[in-house]
Structures are given as C-alpha cells and as structure tokens.
Amino acid sequence: MDAILLQILNGLDKGSAYALIALGLTLIFGTLGVVNFAHGALFMIGAFCAVTVQRILNLSYEVVDETQKDFLGNPLKVKTSYVESWFGPEMGGAIIDWAVPIAILFAIPIMILIGFVMERGLIKHFYKREHADQILVTFGLAIVLQEVIKYFYGANPIQTASPEALSGVANVGALFGTEIFYPVWRIVYFFFSVVIIGGIFSFLQFTTFGMVVRAGMADRETVGLLGINIDRRFTIMFGIAAAVAGLAGVMYTPINSPNYHMGMDFLVLSFVVVVVGGMGSLPGAVLAGFMLGILEAFASMNEIKSILPGIDQIIIYVVAIIILLTRPRGLMGRKGVMEE
Amino acid sequence: MFGLDNKDTRLLLVVAVLTLCAPFILNPFPTDSAMAQFNAGYPDLMQRFVIFGIFAIGFNILFGLTGYLSFGHAAFLGVGSYSAVWMFKLLSMNVVPAILLSVVISGLFALLIGFVSLRRSGIYFSILTLAFAQMSFNLAYSVLTPITNGETGLQLTLDDPRVLGVSATADGSIPVTNLFGMEMRSTFEMALGPWAFQFNAGYYLCALILLAAFYLSIRIFRSPFGMMLRAVKSNQQRMNYTGLNTKPYTLAAFVISGMYAGLAGGLMASMDPLAGAERMQWTASGEVVLMTILGGAGTLIGPVLGAGFIKYFENIFSKINDHVLHSWFSFMPDGLEDFVVFIIHPFIGKGWHLTLGILFMLVVVFLPGGLVEGGQRIAKWVKGRKNKDDSASATKTPAE
C-alpha cells in the first residue's frame with residue numbers, strides 16, 4: 001500500500017510537468033493548428049528565467065569590514081548583496097531564498113513576450129503550410145533557442161535551490177495513517193500545476209474571451225465571419241501557452257538542475273503525451289500527462305522491473321504506440337479531428 | 001549509360017568525379033599556408049562526408065519521394081553499426097560480411113517499425129517513428145547492455161572469438177578492419193610541392209559504395225515505383241480512391257531507406273570499429289533531416305550536398321576561434337576589429353549549432369527546395385538577365 005502511494009506521488013510530479021507542457025502544446029495546436037517543436041525550448045527558457053532571477057538577486061558588492069580581520073591582520077572584504085543592503089539582512093535573505101517563486105512574476109511577462117514575438121515573427125507565416133514544414137521550422141527554432149541559452153549560461157547544469165522552508169521532506173502518509181516521506185517541493189509543484197491547469201480551464205470556460213477562443217477552436221471561419229478578430233485572440237493564446245510552459249520550467253528548476261538541452265528531453269515525451277491524450281483535446285492532454293507520469297513511476301518499481309526488465313525506459317512509448325494504433329484520435333480526441 | 005538518360009548520366013559522372021577526386025578538390029590550400037585549416041581532405045572527414053551522404057540519400061528516398069517525415073532514422077544507423085561491430089567481434093575483420101549483415105539487420109528492423117508506423121500518416125507517423133527510435137535508444141542504454149555495452153559503447157577486445165580471423169595480431173593488438181587484406185586505415189600520402197594529398201583505402205571503399213547508392217537512388221527516382229511514391233506524396237487520398245493500396249509502396253520505400261541508413265552505420269563501424277547508443281538518439285535523426293532539407297528534399301543531388309555542407313562546416317567552423325578571427329580582421333582599426341570579432345564570436349567554434357539552426361530556419365522559410373533550389377534560382381536569374389538583354393536588343397533591331 002505504501003509503495004503504491006509512493007509511486008503515485010512520484011508519478012504526480014513528473015506527470016504535472018508533462019501535463020503543463022502538453023497543455024501548452026495542445027493550446028497551440030488546437031487554436032492555431034501548428035505543431036510546435038519549439039515548445040520544449042520554451043520550457044527550458046522558463047527554467048533559465050529562474051536562474052536569471054536568482055543571479056540578479058545575488059548580485060553583490062564588496063565592502064571592507066574593519067571589525068573582521070583575516071589571519072594576516074588585514075581587514076576582511078565582505079560580500080553583501082544589494083538586496084540585503086536595501087531590505088536589511090533578514091528580509092533580503094528571505095527574498096534571495098525565495099528566488100524561484102519570485103521568478104514566476106518575472107517569467108510570466110517574459111514568456112508572454114517571447115510567445116508574441118515567436119507567433120508574429122515566425123509561426124504566423126506557417127499556418128497555410130504543411131505540418132512537416134511547421135515541424136521543421138520550429139525544430140530549427142528550438143535549436144537556435146537552445147544554443148543561445150548555451151552561449152549565455154554554459155553547457156553545465158545550474159543548481160537552483162528551492163526556498164529553505166520548502167526544501168525538506170514531509171510526511172504525506174499521515175493523511176492515510178501511514179508514514180511516507182516525500183520532498184515538499186514536489187508536492188508544491190503538483191499543487192502549482194493543478195492551480196495553473198485549473199486557471200487555464202476556468203479562463204476558457206468562464207470568460208467571454210475564453211468562449212470566443214473555444215468557438216474559434218471549433219470553427220475558426222464562422223467566428224471570423226461574425227466579425228471577431230480571431231487571429232489576435234489566438235496570438236494571445238500562444239503567449240499564454242508559452243507562459244504555461246515557462247512556468248512549468250521555472251518551478252521545475254529545484255527538482256532538476258536546468259541545462260540547455262532539458263527542453264529537447266521533455267519535448268519528445270510531451271508530444272507523446274499530446275498524442276495519447278488526443279490532439280487538440282485539452283482535458284486529454286492533462287489526463288494523459290498525469291496518467292503517463294504515474295505509469296512511468298509504477299514501471300520503475302523494482303518488483304515490476306524484475307518481471308519486465310527495462311520496462312521503465314519504454315513504457316510511455318509502448319503505451320503511445322498501442323494507443324496510436326488502436327484508437328487513432330487518442331483518449332479524448334474529438335471525432336474527425338486529425339484522425340487520418 | 002547504365003540505363004540512364006543523358007541528364008542523369010551527366011549528374012552521376014559529376015558526382016563520380018567529385019567523390020573520386022575529393023582528396024584533391026578538398027585540399028586546395030598548401031599545407032603550410034594560413035588557409036590550410038579550410039582543407040577538408042583528410043580521411044576521417046572525407047569518410048564522414050560520404051557516409052552521411054549515403055544516409056541522407058536513403059532518407060531522401062522516404063521523405064523526398066513520399067513526404068513521410070521520419071524522426072527516427074538514426075535508429076537504423078545505430079542498429080547497422082552494432083551489427084557490423086558484432087560481425088567484427090564474432091566472424092572476422094573483413095568489412096564485407098559486416099556491411100552485408102548491417103544492411104540486412106537494419107532492413108528487417110525497418111520492416112518491423114515501418115509496418116507499424118505506416119498505419120498512420122502525417123504528424124502521427126513522425127511521432128511514431130520518434131517513439132520507436134527513442135525506445136531503441138533507451139533500451140540500448142539499459143536492458144540491452146549485453147548486446148550494446150551500454151554507455152561505454154560496443155568495442156572490439158582482444159578476447160573476441162573472430163572465427164575466421166585472429167583474436168589478436170602477432171604483436172598482441174586488436175586486428176584492424178580490412179577488405180580482403182587491404183586495411184581500411186591504410187593511407188597513401190602524395191606530396192606535390194607544398195601540397196600533401198591523402199588517399200585512404202577506407203574512403204575509396206565508402207566513395208564507391210556512395211556511387212552505387214547514388215546510382216540506385218537515381219534508378220528508384222526514375223522508375224514506375226518512384227513515380228508511385230511521388231503520387232503518394234502529392235495526393236494519397238486520390239491513390240486510395242482509385243483502388244490502389246499504397247501501403248506496400250510506402251513500406252518498400254521505408255525499408256529501402258532504412259537499409260541505406262544501416263549501410264551508412266555499417267560503413268561507419270568499418271572505418272572505426274565501435275558503436276554507441278548516442279548514434280540512435282533522436283537529435284541524430286534530426287541531423288539527417290537537416291541535411292536533406294538543407295540540400296533540397298526530393299532532388300537527387302540535394303541530400304549529398306546537404307550532408308557535405310553540414311559536415312564540412314561542422315568541422316571547419318568549430319575550429320575557428322577568436323584568435324583566428326583577430327588575425328583575419330587585423331587590417332581594421334582596433335575598436336572595429338574587436339567589435340566585429342565580438343559579433344561573429346557566438347556563431348563560430350562551439351556556436352556552430354547556432355549558425356546551423358539559423359541557416360536551417362532560413363532555408364525552411366525562404367528556400368523550401370534547399371541549396372538546389374537556391375542554385376536553380378540563381379541560374380534562372382542569370383539566364384533571365386541574359387534573355388532580357390537579348391530581347392532588348394531584339395526589339396531594337398527591327399526599328400533600325
């Protein structure tokens with residue numbers, strides 16, 4: 001029982017990342033009809049937003065402290081970060097400590113801006129072209145983005161710590177009367193993703209803007225004929241999708257130190273997730289994301305690995321292949337959309 | 001000649017001359033000159049040109065003709081490499097059985113993957129092939145370690161059986177790959193004045209195989225089979241409505257291109273007998289896609305050009321560093337020199353992939369036909385200008 005609960009928890013945090021990226025991919029595909037291979041790169045850029053914020057907060061200057069001497073008797077140089085000198089050591093220290101959550105505020109406008117530029121500058125010209133062309137050009141863009149990041153931040157993973165208060169482990173099992181210790185940050189990540197997903201869904205469901213977007217997803221031409229500038233709304237949706245991917249990246253940094261090719265690693269899996277969920281289906285993407293994350297966690301249990309060695313490496317792909325061949329439109333895809 | 005029309009014969013001959021004289025053509029600068037770093041005429045790089053050329057030709061048979069974009073072709077290359085190395089370990093160091101086995105095994109592998117993947121088309125096909133390739137890559141890294149030797153990669157050792165050969169040479173080292181006794185690494189060097197040309201046995205083997213592969217691809221392009229594949233690309237639905245089952249054709253194309261990839265993998269292992277799983281990663285599949293698109297998908301010569309272009313600049317660009325740049329721009333005033341070097345710096349050396357990515361995007365956006373289309377446009381432009389001159393003078397003459 002404990003083992004099962006632990007695996008479900010393990011699956012949830014990876015599944016949340018898959019679900020968030022897949023949700024963004026589906027938003028883009030469902031609205032603009034574009035297959036975006038650069039989405040993993042957006043996730044990666046989000047992660048590097050967190051790195052940047054942390055570096056900015058840690059900017060410091062040196063002061064000579066006369067009260068402290070080193071072993072030669074010279075006054076010691078002490079580094080003080082600007083934040084600490086502005087807000088006092090306690091408040092400043094707390095701000096630096098909470099760099100990753102603060103990065104969320106910083107990442108949202110940046111990611112939306114990147115999304116706008118990407119859509120208006122490049123993807124706009126590819127609506128009418130084949131899916132293969134869209135894949136190719138966004139693949140090229142992904143390479144460029146990742147090389148730019150590599151140029152500025154180097155090729156090594158950069159450790160980014162979560163806030164001290166959230167970096168320990170918590171006894172999750174207490175809820176069920178057992179003892180399961182689990183890193184707090186991963187639980188935070190799960191709830192964060194639930195909030196984001198809930199936010200996106202209620203935005204689409206309960207606002208007029210969302211209603212128009214949904215109408216546009218169902219029938220773009222008719223909405224256009226009604227005199228609504230659907231293109232502009234879709235551009236905004238692209239920005240939102242980019243922001244979702246970026247936020248997924250920001251919050252993922254304490255779990256996995258960001259490096260420049262993390263986007264590519266996630267991209268393949270999140271495409272598989274989208275296909276399993278059904279192209280263009282938002283609930284499908286979320287469901288498939290969590291499902292595959294949990295399946296992967298279960299497959300990496302030793303008991304299962306001893307029966308089917310290596311299953312943890314391929315389970316997602318096996319599921320994807322089976323789904324694609326037996327249920328062409330995925331778990332929750334709409335009938336007739338991208339079924340051929 | 002060889003059942004080709006004049007135009008194709010000319011193309012084949014041009015490719016033949018280019019590949020066979022490559023040691024000269026790629027070595028235009030004297031060894032000691034400042035430009036010597038642009039020489040590409042050393043065996044290792046030339047072998048890579050032709051091997052990736054073969055890989056791209058094969059990929060083009062699938063993508064260029066049928067329009068099915070496979071993102072998992074590197075898996076076949078990896079399988080080919082592994083089977084070739086196993087042949088070296090178990091049978092003998094002769095490359096012929098190794099290459100044959102790698103082609104056969106990768107063909108079978110392609111048959112399996114193609115049979116499943118080709119049930120879907122478009123984006124789903126891309127993702128299915130991607131999933132299969134990632135699966136093979138992950139398996140090669142983990143469970144299949146007894147066969148693939150995991151992260152270390154499969155290598156030859158001194159206690160391999162090698163039934164038809166020797167486990168170790170007389171002086172106790174691992175024997176080298178050979179073609180009936182001719183060592184693949186043997187290189188004949190010719191010094192001609194300040195130039196030094198290298199003729200490598202392995203390169204010439206690869207070059208001959210490239211020519212055969214290129215010839216075969218011309219024949220496929222011109223055959224009724226190739227016509228059928230093109231029809232699939234232009235409108236598969238119409239083919240289905242006329243009552244034709246396109247599956248056998250696309251599957252055949254998939255298997256052929258998988259065998260080409262296996263051949264390339266086998267050759268790669270023959271030149272340097274080791275095989276690693278990273279050859280199968282999906283970014284490696286992406287590379288062959290880049291080569292084909294950059295050169296011109298669907299054209300005969302495009303993929304070879306693209307492969308040569310990418311491999312050449314990958315090697316040469318990555319060698320240029322700031323020091324070299326400074327020496328180039330030393331004629332400028334100091335501030336300007338530093339500025340120019342600063343601007344160019346991100347694109348050279350380790351930044352080569354950035355250049356490649358930008359170039360690739362530009363090609364997809366502006367030149368969907370790749371380098372070949374670029375060449376054709378320039379040719380047309382030049383011709384058009386000439387014609388305009390002619391017509392301009394032609395209109396003048398009657399007036400006189």
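For a chain of 340 residues, a compact globule would have a radius of gyration near 20 Å; the value for chain A is 22 Å, which agrees with that expectation. The model described here is predicted. Along the principal axes, the C-alpha atoms of chain A fill a box of roughly 80 × 55 × 35 Å. Buried residues account for 46% of the 340 residues of this chain. Of the contacts in chain A with a separation of 6 or more, 73% are made by residues 24 or more positions apart.

The secondary structure of chain A consists of 13 helices and four strands. One of the helices, H5(A), has 23 residues and should span 33 Å at 1.5 Å a residue; the C-alpha atoms at its ends are 32 Å apart, so the model agrees with the expected span. Just after H5(A), A:Gly154 adopts a positive phi of about 80 degrees.

Helix H5(A) also contributes to the interface between the chains. There, 32 residues of chain A are in contact with 35 residues of chain B. On the side of chain A that touches chain B, the elements giving two or more residues are helix H5 (131-153), helix H10 (262-277) and helix H13 (311-326) of chain A. The largest share of this side, 14 residues, is supplied by H5(A). By residue class, the side of chain A that touches chain B comprises 24 nonpolar, five polar and three charged residues.

The largest nonpolar core contains 214 residues, and the members that touch the most others are A:Leu23, A:Val244, A:Val272, B:Ile54, B:Phe55, B:Tyr260 and B:Ala264. Helix H9 of chain A (residues 230-252) provides the largest share of this core, 15 residues. For B:Ile54, when residues up to four places away in sequence are not counted, the residues touched are B:Ile209, B:Leu210, B:Ala213, B:Tyr260, B:Leu263 and B:Ala264. Two of these, B:Tyr260 and B:Ala264, are also listed among the core members that touch the most other members.

In chain B, strand E4 (residues 187-192) and strand E5 (residues 195-200) run antiparallel and are joined by six bridges. Within this pairing, B:Met190 stands opposite B:Phe197 of E5(B). The two strands E4(B) and E5(B) form a hairpin with two residues between them, and in the turn B:Gly193 has a positive phi of about 60 degrees.

Terms used: Residues numbered from 1 in each chain as written. Chains lettered and ligands numbered in written order. Predicted model: local features only at pLDDT ≥ 70, side-chain atom pairs only at ≥ 80, totals over all residues. Contact = placed C-beta atoms within 7 Å. Nonpolar A, V, L, I, M, F, W, Y, C, P; charged D, E, K, R; others polar. Core = buried A, V, L, I, M, F, W, Y, C linked by C-beta atoms within 7 Å. Buried ≥ 20, exposed ≤ 12 C-beta atoms within 10 Å, placed from the backbone. Pairing = 2+ DSSP bridges. Rg over C-alpha atoms; globule rule 2.2 N^0.38 Å. Expected span 1.5 Å × (residues − 1).
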